[in-house]
Amino acid sequence: MLPKFDVLTDEQINKIHKNSLKILQEIGVEFSYDPAIEVFKKHGQRVEGHRVFLDPDFVENMVEKAPAQFTLHARNPEHNLVCGGENVIYMPGYGAPFVYDADGGKRDATMADYDNFVKLAGASKNMHMTGGTVVEPTDVEDEIRHLKMAYSHIINSDKCFMGSSSGYEHAMDSIKLTAVLHGGMDVIKEKPALICLVNSVTPLKYDDRMLGGLMAYAETGQPMVIASLVMAGSTGPATMAGALSLQNAEVLAGITLTQCINPGTPVVYGSTSAVTDMSTGSLSIGNPENALFTSASAQFSRFYGVPCRGGGGLTDAKTVDAQAGYESMMVLFAASTTGVNFVLHTAGILQYYMAMSYEKFMVDDEIAGMVLRYLKGFDTDSDEKMAYDVIEAVGPGGHFLTQKHTRKNFKTEFFRPALSDRQSFDGWSKDSLDTNQRAKLKWQEVLANYTPPELDPAIKEKVEAFIEKRSKELLK
Amino acid sequence: MNPIFEEIKDAIVEGDEDLAIELAEKVVAEGIDPVQAVQLGFIKGIEEVGAAWTSGEAFLPDVMMAADAMKAGMDVLEEVLAAGEGDGAYEDKGKIVLGTVEGDIHDIGKNIVGALLTSAGFKVYDIGIDQKAEDFVAKADEVGARIIAASSLLTTTMKSQKVLVEYLDAQKLRDKYKVIIGGGPTSAKWGEDIGADGWAETADEAVELCKKLLG
Ligand code: B12
């Protein structure tokens, strides 16, 4: 693995850290959820109404309790993931209400799209897990959406996935369902198997729903991402250092709460901060500022000793064009090379989280493969890899194409594109397909050839029984 | 021309809310023609900002701060204008109640829509986030609005826009108001499905929509 590079000096880290602690102590954070307020009171923090003022030493002590890394367990242990350290975990986009298709069409996302994206992630060797809320399935009642979504992940793949954080009740449903899959609540308490996304409400608030979710995951020892999305210029200051200080304060407050509830609960420091387009007010994510926030967040995570979430194949483009490609590569590359561990939104996102696209998913999957190869860097461990002997054997003027050494090594040393076109002009011009069109053929092929890994029928029955029972109760 | 009108215009262009209030108070205190203050001061200023926005020279903070300054100053003049003081009469282009629907706290888009409507000469009553159908309608009734504008950013709260239309139906008030909707996950089709009078994708289009509906 390549060494991760820094974007902030130690002095800058310190200055921003101090600024965040001052925000927490003097301005405070609003927690709308009473049980959270009780927790802070019990820990001797100053509370006025729903505003909590956090003592700097207390925050530092609490954050210290969070583990530097943890293992997330999949139903197939081969897909268990270590979150933290040098590792990087890729997965599909999260939360988009629309699907954009190859010829520029726009439609509401459905449950069928949901299953398809889970399958594409299941089939991909670059996606380490199948993610969560891969699209918003608008054709399913919201009372039971979380159950249907979890079922899709369970049945269509054996990789790790994410659960609902939308309120205590829905969060508990997805945790209990995961427990059914893994053999009981005590099993997943020991071996965490579900992770969720908890967002602050920038600036400086946490709402009921998210806090309910947070408490459910913390109580049951399941990991969660605590993330802040500062839109610099609208929900946060227009300076990079100011926006970062604000984001950092919010994430620290969230992490502090998790550690008060259950010390040692695995948490991931999350950032999706980016900028506001000052002409339209829309969020803009495919830019150097987002890449910088992402890399700075990775560095802050190292500073606090927790894993980091950030980045992704992020773009503001509406279709799979050059903009989609260069923006996504910039943000994913920055995230991966500066130490982000958990990359939500790696594949599929178009137009600042508003849409998923099958074609974009394939493009991002390719980008992910390229970046993963880059991260492996140079292997200089053996004589074989240093290749002196083969250089000697060929000598001046020969070629390496017919050497055993070549045949043995190129497959593992070279990245093999699945989507990019490397043909001659004549070869390419037979069909003259651009990336968008090739990607469309590719995802159709992958889906047609995908067989989901089998699930033990006895477990499947229990999972389905749980969902049926809860659905009945929730739809009453 | 009274030099104060130029000062008011500049205060709007600068987005200086305090100064706009101060100057409006001076207009009232010194008995200066309030209609002229509006036409030659406030509106001139906001039009200038609006033109700069359209041509891409001005950015959101310019427009939104100008709209805030305009609103603050106009509030000061409200009483004298209502009393019919001044030469001729000033009337806003129409009253609009604007808010984010129940269960939803996204408000950046709504605020931008509000600012652009204000700068286009509409009188906007922003009732804030997480608002029930009853709240929209009560405010519209109170201020005599003709348009109710509802923003929603979540697929799970879009149905509150439908609830709003249904509430108006149930109260037999549907003909009294035009209902327009917007926000990220909404669409023209959704607007039609729920029987809204209009939908707009952007704040600029929202202004055009309101002009059309009240035109
Ligand atoms: C910023 C943001 C937040 C901020 C909001 C801060 C604030 N003060 O508003 C915070 C962090 C609080 C937040 C919270 C949540 N959010 Co949010 N958020 C966004 C984000 C990134 C940007 C929204 C925005 O402000 N856009 C910029 C403005 C200018 O655009 P706009 O609102 O669409 O408005 C324009 C037009 O739509 C139109 N318009 C708007 N209103 C109206 C009204 C009328 C009448 C008309 C005519 C026109 C009109 O004019 C505006 C200007 O052109 C979007 C993703 C996105 N790219 O949009 C997600 C997004 C909307 N959020 C999402 C979600 C899921 C949530 C949360 C549930 C938690 C989470 N997972 O993040 C909570 C819900 C809180 C709640 N109860 O409402 C999802 C929604 C998915 C879905 N199911 O619909 C999105 C799409 C992100 C995603 N892909 O996951 N969010």
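# A cobalt ligand between two chains

Modeller: Let's begin with α5(B), which contributes 4 residues to the shell around the ligand, the most of any element. Please keep in mind that this is a predicted model.

Colleague: Happy to start there! Which residue of the protein is the single donor to the cobalt atom of the ligand?

Modeller: The place to look is chain B, in the loop that runs between β1 (95–100) and α5 (108–119). A residue of that loop supplies its NE2 atom at 2.3 Å from the cobalt, and the protein offers a single donor. That donor is His106(B).

Colleague: Between which chains does the ligand lie?

Modeller: The shell holds 44 residues, and those coming nearest include His106(B), Asp107(B), Ser151(B) and Thr155(B). Tyr352(A) also belongs to that nearest group. The ligand thus has neighbours from both sides, and it lies between chains A and B.

Colleague: Which residue has a polar backbone atom 2.8 Å from an oxygen atom of the ligand?

Modeller: Let's set aside the nitrogen atoms of the ligand, where a backbone N or O atom of Gly95(A) sits at 3.3 Å and one of Tyr353(A) at 2.8 Å. For the oxygen atom, the partner is in chain B: Ile105(B).

Colleague: Which element of chain A gives two or more residues to the shell around the ligand?

Modeller: On the chain B side, α5, β3 (147–151), β4 (178–182) and α9 (203–214) each reach that mark. From chain A the list has α8 (208–219).

Colleague: How many residues of the shell around the ligand are charged?

Modeller: The nonpolar group has 23 residues and the polar group 16. What is left of the shell is the charged group, with 5.

Colleague: Let's turn to the chains themselves. What area do chain A and chain B bury between them?

Modeller: The contact takes in 19 residues of chain A and 15 residues of chain B. Carbon and sulfur atoms carry 64% of the buried area. In chain A, Asp142(A), Met278(A) and Ser279(A) lose the most, together 36% of what that side buries. For the two chains, the area is about 1200 Å².

Colleague: And within chain B, what area do domain 1 and domain 2 bury between them?

Modeller: The domain assignment gives 3–82 for domain 1 and 95–214 for domain 2, with C-alpha centres 26 Å apart. Each domain brings 10 residues to the contact. Carbon and sulfur atoms account for 73% of the buried area, which is about 820 Å².

Colleague: How many Å separate the centres of domain 1 and domain 2 of chain A?

Modeller: Here the domain assignment gives 64–376 for domain 1 and 383–413 for domain 2. Taken over C-alpha atoms, their centres are separated by 42 Å.

Colleague: One last thing about the backbone: which residue has a positive phi although it is not a glycine?

Modeller: Look at the loop of chain A between β10 (194–199) and β11 (205–206), where Pro203(A) lies. A cis peptide bond joins Thr202(A) to Pro203(A), with omega about 0°. The residue you want is in that loop too, and its phi is about 60°: Leu204(A).

Key: Residues numbered from 1 in each chain as written. Chains lettered and ligands numbered in written order. Predicted model: local features only at pLDDT ≥ 70, side-chain atom pairs only at ≥ 80, totals over all residues. Heavy atoms only, no water. Donors = N, O, S within 2.8 Å, 3.2 Å for Na, K, Ca; no water. Near = heavy atom within 4 Å. Polar contact = N/O pair within 3.5 Å; in protein donor to acceptor, adjacent residues only side chain to side chain. Nonpolar A, V, L, I, M, F, W, Y, C, P; charged D, E, K, R; others polar. Domains from an automatic or database assignment. Contact = heavy atoms within 4.5 Å. Buried area = accessible area lost by both parts, 1.4 Å probe.
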